[in-house]
Amino acid sequence: MNVAIVGASGAVGRELINILDTKPFAFDGVRLFGSRRSAGQTRRICGKDVVIEELTHEPGLFRGVDIAFVSAGAGVSREYAADITAHGTIMIDNSSAFRMDPDVPLVVPEVNPDDAFDAPRRIIANPNCTTIQMVVALRPIHELSPIRRVHVATYQAASGAGASAMDELRQQHADIVAGRPVTVEKFAHQLAYNVIPHIDVFTDNGYTKEEMKMHLETKKIMHAPHLEVSATCVRVPVMRAHSEALWVETESPLTLDRVRAAFRSAPGVEYTDDPASLTYPMPLDLAGCDPVHVGRLRKDLSNPNGISFWAVSDQIRKGAALNAVQIAQLLTAKA
């Protein structure tokens, strides 16, 4: 078993290296790929220094690679997919390039693991980070009573826009403290001491692409075409880990005790909810953690079939790198 990481120098690529360094499944070799700018750099993984190779269209470049984790943007994924999969490599793609293609499975292992084994193009898509953490939390509720609709507001960290966005947030705080003009390049507006109700480009219906991803991807992952999702996605001045406030309507009313029990037994979910001690999930505490943390569970006062809760997850780990590795674990376990 040989694996590769495309986009090894990016935030998700670095997290993939960190996770693979723990040998979460049996593999023999690792190859790293990046742009011409990062080619020649080395990364330490499994006790060895691995040189980043330049990603090119050289025939047979991925021959001998069993699984390639691709996290270099949708444009790169589209351009190189045929090269990566030409000799049997399974491409686990972290971009939006193929997510809604009907012949490409969109997989969250805690929710729809079987879909990973129906990949005729040898491409498996990793969902959007906000969708991943939401569906992991929705699945135990959906099993109690089918979900009709979800309203969600996200509070998305700078890291969702990449390593350079995290650097920009740090720089903005430093500029403000020093009394310098604030640098704004990665975001539409200054993020420090601000929130920006705008992630990705706006579409014709007034929603952003990020919001439409949550709407469309949730239906596909959960095999629930009639499940409706309305999202408002907001960038907040948090360095890492996304938060979501959710309002969920089910076909039948659910007691909070049943929902609590479902959360506590659900794979990939950590239930943390004790208002008396002011204990609930917060991104400050959960950067670098694997589960989706859920709390603030309560009945929706506006809907007899509704419940509300809060979810926090590290979107670089579960929202990207870890989910991709878990897909690989599914594949290798069955091989």
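**Reading a predicted fold: a dialogue**

Guide: The protein has 335 residues, for which a compact globule would have a radius of gyration near 20 Å; the value here is 20 Å, which agrees. Please keep in mind that the model is predicted.

Visitor: What box do the C-alpha atoms of the protein fill?

Guide: Along the principal axes, the box is roughly 60 × 55 × 40 Å. Within the protein there are eight helices and 13 strands, and 52% of the 335 residues count as buried.

Visitor: Among contacts between residues at least 6 apart in sequence, how many join residues at least 24 apart?

Guide: In this protein the share is 65%.

Visitor: How should one read the open sheet, and in what order do its strands lie?

Guide: One reads a sheet by strand order and by pairing. Here six strands form an open sheet with mixed pairing, in the order S9-S8-S10-S13-S12-S11. Its edge strands, S9 (228–235) and S11 (269–271), each pair on one side only. Between neighbouring strands of this sheet the average turn is 25 degrees, with direction ignored.

Visitor: How many bridges join strand S10 to strand S13?

Guide: Eight bridges connect S10 (residues 242–250) with S13 (residues 306–313), and the two strands run antiparallel. One pair that may be located in the model is valine 248 with its bridge partner in S13, isoleucine 307.

Visitor: Which helix packs on this sheet, and which strands does that helix touch?

Guide: Helix H6 (residues 256–265) packs there, touching S11, S12 (292–299) and S13. The direction of H6 makes about 175 degrees with that of S12.

Visitor: Is aspartate 257 buried or exposed?

Guide: The test is the relative accessible area, where exposed means over 50%. Aspartate 257, found in helix H6, has 57% and is therefore exposed. The side chain of aspartate 257 also makes a polar contact of 2.8 Å with that of arginine 260.

Visitor: Why might residues three places apart in a helix point the same way?

Guide: An α-helix has 3.6 residues a turn, so residues three or four places apart point the same way.

Visitor: Is histidine 242 buried or exposed?

Guide: The same kind of reading applies, with buried meaning under 20%. Histidine 242 has a relative accessible area of 0% and is therefore buried. The residue belongs to strand S10, and its side chain reaches the backbone nitrogen of alanine 157 at 2.9 Å. Beyond its neighbours within four places in sequence, the contacts of histidine 242 include Cys129, Tyr155, Arg235, Val312 and Gln315.

Visitor: Where does helix H8 bend?

Guide: A bend is read as a change in axis direction along a helix. Helix H8 (residues 317–334) bends by about 40 degrees at asparagine 323. That helix is also largely enclosed by the rest of the structure, because 14 of its 18 residues are buried. As for separation, asparagine 323 lies 66 residues from aspartate 257 in sequence and 29 Å from it in space, C-alpha to C-alpha.

Visitor: How many residues of strand S1 are buried, and which way do S1 and S2 run?

Guide: Four of the five residues of S1 (residues 2–6) are buried, so that the strand is mostly covered. Five bridges link S1 to S2 (residues 29–34), and these strands run parallel. Isoleucine 5, for instance, has leucine 32 as its bridge partner in S2.

Methods. Residues are numbered from 1 along each chain as its sequence is written. This is a predicted model: local features need pLDDT of at least 70, side-chain atom pairs count only at pLDDT 80 or more; totals for chains, interfaces and linings use all residues. Side-chain values use heavy atoms; hydrogens and water are left out. Two strands pair if DSSP finds at least two bridges between them. Axes are lines fitted to C-alpha atoms, for helices over the stretch in contact, and angles run from 0 to 180 degrees between N-to-C directions. Contact means heavy atoms within 4.5 Å. The bend at a residue is the angle between axes fitted to the seven residues ending there and the seven starting there. Buried means under 20% relative accessible area, exposed over 50%, partly exposed in between (1.4 Å probe, protein chains only). A polar contact is a pair of N or O atoms within 3.5 Å; within protein, one must be able to donate a hydrogen and the other to accept it, and residues adjacent in sequence count only if both atoms are side-chain atoms. The radius of gyration is taken over C-alpha atoms; the globule rule is 2.2 Å times the number of residues to the power 0.38.
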